Amino acid sequence: MATPMRIPPVETGRPIKRVPQSQHRNRRHGQAHRLADTRPLDRASWLSVRQSGIGSSDAAAAVGLNPYKSRLELWMENTGRGIETEDPLASASDSPIYWGTVLEPIVAAYYAKRTGHQVRRVNAVLQHPEHPWMLANLDREVRGADEVQVLECKTAGINGAKLWRDGVPEYVQLQVMHQLAVTGLQVADVAVLVGGQELRIFRLDRDDELIEQLITLEREFWQFVEENTPPPADESDSADRALRALYPKDNHETLDFTEDSERSDQFVQLQEVRSALDQAKKNEARLKHHLQQAMGEYGEAVFRTGRLTWKKSTDTRVVDLNRLKAEQPDPVQQYLTIKPGSRRLLVHQS
């Protein structure tokens with residue numbers, strides 16, 4: 001098993017570290033090759049290029065450290081089994097991906113205004129010269145500044161802001177280190193627009209030890225892609241979505257694991273966890289009911305370590321479907337549709 005990655009803490013407000021000019025690459029994008037010009041690519045072509053390697057935005061997912069996407073879901077995307085392939089700009093306007101794309105130019109422009117640095121869009125998929133499966137898309141390159149070469153633009157809404165309380169989240173750090181690995185460059189700035197009104201700028205220096213670990217773990221993931229073998233699933237919602245999409249139907253046959261000690265042990269552990277969860281739910285209900293009984297008609301109770309609220313929610317208007325079906329069966333039949341069933345995992349005791 002690979003050694004867990006060491007993510008160094010990111011300091012904020014520290015003095016700018018200047019990189020000697022001799023360390024800079026002479027040509028654009030450092031050492032990276034321009035694999036494809038993104039300007040003429042349609043969505044299908046762009047996805048095809050993306051499936052040819054691990055992009056910087058998927059670096060954390062490839063090593064199992066992305067809070068939103070599992071290795072299994074990423075593997076499905078790279079092997080053409082993607083769960084979701086629609087254009088983010090065509091999706092709902094409440095999507096974080098949508099607003100991140102829309103606000104990226106604004107974040108870049110305000111970064112340039114605040115720092116005085118020139119920034120330029122990079123309309124290319126870049127490729128590592130030694131590891132062709134390592135790809136990168138840079139939001140912007142910083143021109144004419146010795147101390148920084150790459151700009152990564154981010155937005156953080158109400159729910160995402162908490163991830164930035166202590167600096168750059170580890171999944172973003174890995175994204176930037178992947179970019180520095182592909183390009184061979186030394187320093188990147190991460191500009192994040194928090195809550196739509198506060199711009200924070202963090203500086204990340206190249207960490208060669210971390211990059212070495214990253215390359216090793218990404219190579220392990222890419223081997224799963226090349227061998228068309230799914231990586232082990234983790235505990236995330238992303239892995240749950242991926243498993244449901246990967247195996248949507250059963251074949252009505254039975255698989256015998258009675259002689260497989262590893263799977264049998266896992267099943268015993270699952271039984272024990274389910275039993276503990278059932279007991280924990282009972283304990284939760286008992287404590288909750290005792291406190292509700294003690295509160296009576298009071299809407300709030302305070303304690304040494306927190307507070308409880310027990311208030312009536314706002315009334316809502318709903319359609320009485322049973323009455324509608326009984327009194328107007330014909331119109332109801334016209335609007336009935338079939339909702340596909342999904343597989344359920346049930347535990348049965350011997």
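Me: Where is Gln 127 placed?

Reply: Gln 127 is in strand β3, residues 124–127. Strands are DSSP runs of E with at least two residues, helices are runs of H or I with at least four, and both are numbered from the N terminus. The model is predicted, so local features need pLDDT of at least 70 and side-chain atom pairs count only at pLDDT 80 or more, while totals for chains, interfaces and linings use all residues. Residues are numbered from 1 along each chain as its sequence is written, and side-chain values use heavy atoms, with hydrogens and water left out.

Me: Why is Gln 127 called buried or exposed?

Reply: Its relative accessible area is 16%. Buried means under 20%, exposed over 50% and partly exposed in between, with a 1.4 Å probe and protein chains only. Gln 127 is therefore buried.

Me: What does the side chain of Gln 127 reach?

Reply: The side chain of Gln 127 reaches the backbone oxygen of Pro 132 at 3.0 Å. Gln 127 also touches Ala 32, His 33 and Val 182, among others, not counting residues up to four places away in sequence. Contact here means heavy atoms within 4.5 Å.

Me: Why is the pair of Tyr 68 and Tyr 171 called stacked or edge-to-face?

Reply: Rings of Phe, Tyr and Trp (its six-membered ring) pair if their centres lie within 6.5 Å; planes under 30 degrees apart count as stacked, over 60 as edge-to-face and the rest as tilted. By this rule there are two aromatic pairs. For Tyr 68 and Tyr 171 the centres are 5.9 Å apart and the planes stand at 90°, so this pair is edge-to-face. The pair links distant parts of the chain, 103 residues apart: Tyr 68 is in the loop between α2 (59–62) and α3 (71–78), and Tyr 171 is in helix α5 (residues 170–183).

Me: What makes Tyr 171 buried, and what is Tyr 68?

Reply: Tyr 171 has 17% relative accessibility, so Tyr 171 counts as buried. Tyr 68 has 48%, so Tyr 68 counts as partly exposed.

Me: How do you know that β9 and β10 pair?

Reply: Two strands pair if DSSP finds at least two bridges between them. Strand β9 (residues 300–303) and strand β10 (residues 306–309) have four bridges, in the antiparallel sense. A hairpin of two residues joins β9 to β10, and Phe 303 stands opposite Gly 306 in β10.

Key. Polar contact = N/O pair within 3.5 Å; in protein donor to acceptor, adjacent residues only side chain to side chain.
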